Amino acid sequence: MTSLAPLLRFLNDSPTPFHVVANVAARLHAAGYTAVDEGAAWSPPPSGKFYFTRNGSSLVAVNLNAAAAEHGFRLVGAHTDSPCLKVKPTAIACNHGYAKLAVEVYGGALLNPWFDRDLGLAGRVTVQTARGAQANCLLNINRPIAFIPSLAIHLDRQANDHRAINQQQHLPALLCRVAKTAAAADTAAPILAEILMAELARQRHDLEITQILAHELSLYDCQLAQPVGLHNEFIAAARLDNLLSCYAGMQALVAAGARAPQRNSPPPANHVLALNDHEEIGSASAAGAAGPFLQAVLQRLCGDPICLTRALRHSMLISADNAHGVHPNYPTLHEPNHQPLMNAGPVIKVNSNQRYATNSETAALFRRVCARHNLPVQTIVVRSDMACGSTIGPITATKLGVRTLDIGVPQLGMHSIRELAGAQDQHTLSAALQGFYELPDWPF
Ligand code: ZN
């Protein structure tokens with residue numbers, strides 16, 4: 001088994017979608033990919049490796065090898081965002097002798113696990129420079145500067161039965177002590193600006209920053225990703241949903257693109273990796289999967305609309321997003337005949353109401369890919385009396401009209417601040433996605 005260390009490093013270095021895109025871009029750059037500015041007068045060469053970004057939080061990478069109209073695209077999609085606590089614009093509130101960071105819940109976060117954690121702060125800060133220009137800065141304060149303490153059980157004897165969380169009242173994170181008399185506005189306003197200016201001065205020597213103009217920051221757990229379990233068979237980490245899939249997709253793209261063409265074999269396929277922000281809040285944004293980003297890139301590669309239509313008829317998307325493994329302490333919440341296990345391979349997600357875009361054709365193709373590489377594969381449907389989640393799969397399928405498969409590795413504790421996945425599964429997912437990129441009998 002290959003080392004887990006690169007995945008753990010990727011997880012630790014990617015506290016926000018902005019960091020995910022920066023880290024994926026750096027990896028792609030090292031693998032020979034060139035950044036293309038969507039606003040530039042650029043025409044695609046007949047072959048090559050390049051990537052595009054939007055908002056610094058979504059990325060589409062392309063390894064172009066063959067005429068798109070005849071050979072189509074093999075697309076892998078995943079999302080860069082995870083549920084979290086985002087810092088409000090006027091972020092500091094002071095009361096009772098404490099300065100606190102006011103936060104807004106992003107996505108469907110499981111809130112209880114955010115209490116009693118050592119919290120760092122990361123994201124994007126937009127600043128004004130000494131030259132009067134506006135600039136975006138990545139920021140990561142990778143030390144525990146904030147903490148949301150639980151209420152002691154002595155003050156709430158019913159806490160273990162039914163403690164409710166009021167998001168406005170109970171989630172502000174403690175930052176520091178201030179004078180007991182400190183009123184909200186006058187003392188509070190400069191605190192965050194001072195923290196950000198000091199950190200940016202340390203992290204961005206290339207810029208002379210005169211003012212913080214705006215920020216998109218979120219809290220995150222400083223505890224590092226690590227293997228856990230008696231035999232280290234699991235990974236415990238923040239943001240496994242869905243950075244594990246982003247990482248596996250990136251690995252598959254780089255590995256498939258590094259293969260030397262075989263003599264007398266058809267040319268390598270056109271590989272696409274689409275990593276979108278804003279999945280956790282429905283994908284409707286300029287950079288999200290419901291926006292025009294991926295379609296605009298494919299249109300650009302194809303040139304005329306007829307070519308794009310023809311290309312999409314020969315294309316397929318695999319949307320990779322983690323699935324619910326069976327929780328051994330809550331087995332009745334899972335469909336009895338579809339109970340995926342960690343370290344038993346990726347899961348094909350099926351939902352007849354198109355919450356997942358899988359159909360028999362795309363599921364069969366994935367089974368063939370897994371069989372070809374001796375990889376295990378599982379299937380999930382939710383209980384008929386429970387609601388089903390969704391992914392970027394059906395959204396992208398709806399936008400592009402491309403046949404689509406939804407898969408993901410099984411995990412536990414989805415949307416907690418710290419989730420659990422199988423240590424083997426990143427390798428099987430990566431190998432399966434690479435197998436999809438390299439499947440020889442195509443178009444089908
Ligand atoms: Zn997800």
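Two exercises with worked solutions follow, based on a predicted model.

**Exercise 1. Describe the interface between domain 1 and domain 2.**

Step 1. Establish the parts. The domain assignment places residues 5-82 and 238-438 in domain 1, and residues 84-221 in domain 2. Taken over C-alpha atoms, the centres of the two domains are 32 Å apart. Domain 1 contributes 18 residues to the contact and domain 2 contributes 20 residues.

Step 2. Consider the area. The size of an interface is often given as the accessible area lost when the parts come together. Here, domain 1 and domain 2 bury about 1,500 Å² between them, and carbon and sulfur atoms account for 62% of it. On the side of domain 1, the residues that lose the most area to domain 2 are F18, H19 and I417, together 39% of what that side buries.

Step 3. Examine the chemistry. Zero salt bridges are counted between domain 1 and domain 2, whereas six residue pairs are in polar contact, both residues being at pLDDT 80 or more. The side of domain 1 that touches domain 2 consists of six nonpolar, seven polar and five charged residues.

**Exercise 2. Determine which strands stand at the edges of the nine-stranded open sheet, and examine the pairing of β3 with β13.**

Step 1. Write the strand order: β1-β2-β3-β13-β4-β14-β18-β16-β17, with mixed pairing.

Step 2. Identify the edges. β1 (34-35) and β17 (378-380) each have a single partner strand, so one side of each is left without a neighbour in the sheet.

Step 3. Inspect the chosen pair. Strand β3 (residues 58-64) and strand β13 (residues 271-276) run antiparallel and are joined by five bridges. The bridge partner of A61 in β13 is L273.

Notes
Residues are numbered from 1 along each chain as its sequence is written. This is a predicted model: local features need pLDDT of at least 70, side-chain atom pairs count only at pLDDT 80 or more; totals for chains, interfaces and linings use all residues. Side-chain values use heavy atoms; hydrogens and water are left out. Domain bounds come from an automatic or database domain assignment. Contact means heavy atoms within 4.5 Å. Buried area is the accessible area (1.4 Å probe) that two parts lose on being put together, summed over both. A salt bridge is a side-chain nitrogen of Lys or Arg within 4 Å of a carboxyl oxygen of Asp or Glu. A polar contact is a pair of N or O atoms within 3.5 Å; within protein, one must be able to donate a hydrogen and the other to accept it, and residues adjacent in sequence count only if both atoms are side-chain atoms. Ala, Val, Leu, Ile, Met, Phe, Trp, Tyr, Cys and Pro count as nonpolar, Asp, Glu, Lys and Arg as charged, and the others, Gly among them, as polar. Two strands pair if DSSP finds at least two bridges between them. Helices (H or I, at least four residues) and strands (E, at least two) are DSSP runs, numbered from the N terminus.
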